[in-house]
Structures are given as C-alpha cells and as structure tokens.
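Visitor: Before we begin, I should like to understand the reasons behind the terms you use. May I ask for the grounds of each one as we proceed?

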Amino acid sequence: MSATLQLRRRMVNALALALGACATALGLALLGWILWLTLRQGLAALDWRLFTQVSADGEQGGLSNAIVGSLIMDLGALAICVPVGVAAGTFLAEYAPRSRFGASVRFLNDILLSAPSIVLGLFVYVAVVLPMSRLSGGAVSFSGVAGSIALALIGLPVIVRTTDQMLQLVPATLREAALSLGVPQWKLTVHVLLRAAASGIVTGVLLALARLAGETAPLLFTAFGNNFMTLHPLHKMGSVPVTIYQYANDPSPALHAIAWAGALLITLFVLALSVTMRVFTHRHRRMHEQ
Amino acid sequence: MSGDRANMRYGHRGDPVPGRRVARADGAASPPAASAVATCSHERRARADTRNDRWFRGLLQACALLVLAVLLGAALSTAWGGREVLLGQGWRFLGSAQWDPVTNNYGALAPVFGTLVTSLIALLLAVPLAFGIALFLTRTAPPWLRGPLGTAVELLASIPSIIYGMWGLFAFVPFMARVEPWLSASLGRLPLIGCWFQGPPLGLGLLTAGIVLAVMILPFISAVMREVFQAVPAQLIEAAHALGATTWEVAWQIVLPYTRAAVIGGIFLGLGRALGETMAVTFVLGNSYAISGSLLMPGTSIASSIANEFNEAVGTHRSALLALAFLLFVVTFAVLLAARLLLRRMTRREGLR
C-alpha cells in the first residue's frame, strides 16, 4: 500500500517537473520562432534602398523618412522624459524615501509603467494635438512634438523607477560625508549622488529607450505618420513602427517585405540596447560590491 | 540608515545649520578684523544655499507630481472627450451591442466582450506555463543554466508588440488556420464547450488573439513568480524536504501558498497588460463587431477598435471611442491597482522594501 503511494507521489513529481521543463522549452521555442522569423524575413528584405528612399515611393520606396522620424521622436522623447524622470526619481529617493506622498507617487508610477499605451496616446491627442490645432487655426495638428510627448509618457515611469532604486543603493556615508563638509543639499544631490548613481541611471534611460522605440499605439494619433521626409517638429512625422503597421495591413507583398525590414531594424535596435543595458548593470553591481 | 538620512535632511529644511558655518570657516588664518566681513558673507551664502535648496526641492517635487498628473490627465481627458456618449447614453452604452457609424449608434458590448475573452484565454494559457517556467527555473534547472534561461524567457518581454503583431499575422495565423479544423474535429465535439471551437478555420479570431496575448504576458508573469519563489525562506523548503516531500509537493504545498498574494499580483499584472495591448491584437483579431459564441470567429477589442477607427472618426463616433478608452483606462487601473497591492503585501512581509 505504502509502496504504491510512494510510487504515485514520485510519478506525480516527475510528471510535474517534466511539464515545467516543457513549459520552459515552449517559451524558448516561441522566442526562437519570433526572432528567427524576423531575422529571416528582415534579412531577405534588407536593402540600401531602405535608407535612401522615402515611403512615398510605395513598393519601390524605403524607410528613410520613417527612420529619421523615429530617431527624432525617440530623442525628443528622451529629452523630455530623462530630466523629468530623473528629477522625480531623485525626489522619491532623497526627499520622500518614507513619506506617504513618496509612497503613493511610487505606487502610481508602477501603475503608469503598465498603463495601456493607446490611452496615453489618446491623452496626448486630447491634451496636445487638439489645443495646438485650435490655437493655430488648424495649420498644426498631428506633429512630431506630440509624438515625442506621447513616447515620453511611456519612458517616464521607467526612468523614475530606476533613478529611485539606484539612488537608494548609494551608501549613506557619501551623503554624510558631503553634508558634514557643509555642501548644500542640491549640490550634494547633483554633484555627488547623481554622479554616483550615473551608470544605474543610464541603464534606466536605455531601458526606457528600448521600450519607447518599439511603441506604435501612442504614435497613431499624435505623430500620425508621413510618407515624405520631414525634419519639422510641427509637421506630421513618419516612424518605423507606424509604417510597419500600415504596410503589414496592406495586401502588397512588396510592402510586407519593407515592413519586415523595418521590424528587423527595430528588433536589432531593442536587442542591442538590452545587451548594452546588461553590461551597464553588471558594471554598476560590481562597483557597489567593491 | 534612513533615520540618519532623515535627521540630516531635517537640518537643511529650516535655517542654515549652525554646524555649517563652523565647517565653512576655512579662512581660519584670516586676521580678526576681517572676520566680521567673512561672517557676513558666510551668512549670505548660507541664506542663498537655503533658498536654492528650497527651489531645488520644489522643482523635484513638481516633477514627481507630474507622474500623478499624467494618470489623472489620461483619465480626465478621455472622460472629457467621451462625455457626449458617457453622459448621453450612460449605462446603455455598456449594454448595447450595436456599433454603427452610419446610424450613429454605439454600444460598448462587442469590444468589451472581445477584450475580456481574449484576456481570459491569455491568462488561462499563460498562468500554468509561467508557473511551469518558474518551477523549472527555481527548482529543477541546474544553477548555471538558471540565469541564462531566465534572461532568454524575459527577452520575450522586450520584443516590441508590433513584432508580435507581424509574427501573429504572417506566421501564427496561417499556423492556426491549419490547426483549427483539427480543433473543431476534436474539441468541437465536446458537450458543453464544443460550440466554442466550431466555425470556419480563418486563422484570425478570438482564440488566435488570446494565444498571441498569452505569449506576450508570459514573461511578465513568470518573472514575478520566479522572483517571489526565490524569496521563500530556505528553512521552510528544507523542512518540507526533510519530512520527505517531493520537489513538486514543496512547490505546490509550501512555495505556492506562501507566495499566493504575490503570485496573484503577478497574474493581475499580466491581465492589466493583456487588457490594454493594442498592436498584437489588432493584427490577428479580424475586426468584427459581431459577438459570436465561437472562439474561432473574428471579433474586436477596445484597444483595436480605437487603433482601427480613431483617425477616421468624427463627432459621436470619436466620442464613443474616447468613452471606450476611458472604460479601458478605469478597468486597467483597477486591475493594476489590485496587482500592486497584492505584490506589495509580499514585499512587505519579506522586508524587501
């Protein structure tokens, strides 16, 4: 009797562990499938034309306007969300580490981190695009600036969170040493603490860039898209994700190929960022262990 | 540590700290005659420092408030944009299955149905898989393999959703179109749930969207589970093993009950992601406002309705879409709030924070 029970328990155990291993294998297989497909289709479609032609040329076209638009809007988004996010994160770590206000901001920031990006896009549409259109009498509506602001809202919570966490890792002795020399708090924060946490904060910035670079939904109603090259921040601006979205929904296989090439570019960009990020995290951790 | 920091900071909130003037008196060699002037300039400097500190603090606080303003703004702006439909139709908006831009009749039922069904499918598939992955990565896998494998699985989370959309549309939909006849023939014969799996093998549809969503939220749930499973005290696990429990029994009867709140929090986090996901779903859902009893039929979701129609919508149509966005935001906010509260309970108990 007891022997069969033992056997049963052992069988259940073996079965469960085998299923766990299968689940991991399935997860890895899906990752492999997605990456392999992107790589194969993207490499087949990769062409110099992508970087020289604009998407207005249709099937003979490229992505140069979308790539430039994406670069401008991503950098613009960083220009907005890095200072604001670092400042907010610094406030949480240095001025409100235990206060109720700090706790609730931290809490709501975590919610913003996974809020639906399409709603944030609509928020920017209502709060930026519509007023700009009204102020300019309809001359300016969708714009690269609005796109940057929408993307900044995606990156902001990431930067707030990493800055907060990284500053909390800075040893208290550094603060004590600086304060005992009579350094005012702002100087201590800017010149000592932020510098000490710099590599960690850079990690956060790269993480934010990796997240916002692939976002499509917030751009649909803010930057809209543009088939021609534009550098003007108040014009409709194309971007790689939105172009992929349009091309993938098109029946033409030639446009699908261009969409795959764009997908490959974004995936490579994001993966390169992840790798760089890991290097930084590693270095940061080593520095603090010493 | 924080106590020390709070005390030190307290000194700076008020007037200049007396100790600072001592520390700043670096001109100790200066003659007595100059000391009055020096004190004066020191005082001025201390006052300037205090003022700068106050400004600095105010600036940082304003930025922190901005985070709250974004959340509030997202809720208010969508509610304001959708006021025509929200106020005009009230609860009828939720109950009506009509969505007709021609007659200007809008009801939220079809998108809400699609959102809930796809998210539930995603959870049903992703939760057991995530548990299996977390179990494997914390208990079974050899230690040298845990890090790399965990990183690889979590790499799924960093792939942009548009790539999932492309994969879904060009690889997974054709795959499902081949699998679905088989599904109809096997699961479709079951008594109660059989009708869910009957229908034309389009490849597109609620089931496909649910599966793509499952793949997308899998890394989020498994990352949370892995993290909290590692935080279970070793004594508990060792004690159970010492009583003769198998690895599975330890996981199911010790680890899981101990981490229940956080695990549910992780699941809610995944649900929050699934509800609001736009791109991947839009590609594979088929965009149809018919509410169908079959999971193989196309449908629509809140996010994909907005993505598909917002730029062409005007007037009431636009207002209805913004009202949908408001609904989505409120529901996601509630789900994520619950998730974070559950997760926080675990970190509190662990003293991780």
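Guide: Certainly. This is a predicted model. We may start with Phe51(A), which is found in helix H2 (residues 49-52) of chain A.

Visitor: Why is Phe51(A) called partly exposed?

Guide: Phe51(A) has 13 other C-beta atoms within 10 Å. A residue is buried at 20 or more and exposed at 12 or fewer. The value for Phe51(A) falls in between, and therefore the residue is partly exposed.

Visitor: Which residues does Phe51(A) touch, not counting residues up to four places away in sequence?

Guide: Phe51(A) touches Gly62(A), Ser64(A) and Ile67(A). As for Tyr95(A), 44 residues apart from Phe51(A) along the chain, the C-alpha atoms of the two are separated by 47 Å.

Visitor: How many residues does each chain give to the contact between chain A and chain B?

Guide: Chain A gives 75 residues and chain B gives 79 residues. On the side of chain A that touches chain B, the largest share, 19 residues, comes from helix H1 (residues 2-45) of chain A. By class, that side of chain A has 53 nonpolar, 16 polar and six charged residues.

Visitor: What makes H1(A) oblique to H7(B)?

Guide: The axes of H1(A) and helix H7 (residues 143-158) of chain B come within 9 Å and cross at roughly 55°. Angles under 35 degrees count as roughly parallel, and those from 65 to 115 as roughly perpendicular. The crossing angle belongs to neither range, and so H1(A) is oblique to H7(B). The crossing is left-handed.

Visitor: Which residues meet where H1(A) and H7(B) touch?

Guide: From H1(A) come Thr24(A), Gly27(A), Leu28(A), Leu30(A) and Leu31(A), and these meet Leu149(B), Ala152(B), Val153(B), Leu155(B) and Leu156(B) of H7(B). This contact has eight nonpolar, two polar and no charged residues.

Visitor: What is notable about the phi of Phe224(A)?

Guide: Phe224(A) is not a glycine, yet its phi is positive, at about 70°. Most residues other than glycine have a negative phi. Phe224(A) lies in the loop between helix H10 (217-220) and helix H11 (240-248) of chain A.

Visitor: Asn104(B) also has a positive phi, of about 60°. Why does Phe224(A) count as buried, and why does Asn104(B) count as exposed?

Guide: Phe224(A) has 22 C-beta neighbours inside 10 Å, and because 20 or more suffice, Phe224(A) is buried. Asn104(B), in the loop between strand S1 (99-100) and strand S2 (105-106) of chain B, has 10 such neighbours. The limit for exposed is 12 or fewer, and therefore Asn104(B) is exposed.

How values were computed: Residues numbered from 1 in each chain as written. Chains lettered and ligands numbered in written order. Predicted model: local features only at pLDDT ≥ 70, side-chain atom pairs only at ≥ 80, totals over all residues. Helix = DSSP H or I, 4+ residues; strand = E, 2+ residues; numbered from the N terminus. Contact = placed C-beta atoms within 7 Å. Nonpolar A, V, L, I, M, F, W, Y, C, P; charged D, E, K, R; others polar. Axes fitted to C-alpha atoms, helices over the stretch in contact; angles between N-to-C directions. Parallel < 35°, antiparallel > 145°, perpendicular 65-115°, else oblique. Left-handed = near helix turned anticlockwise from the far one by under 90°.
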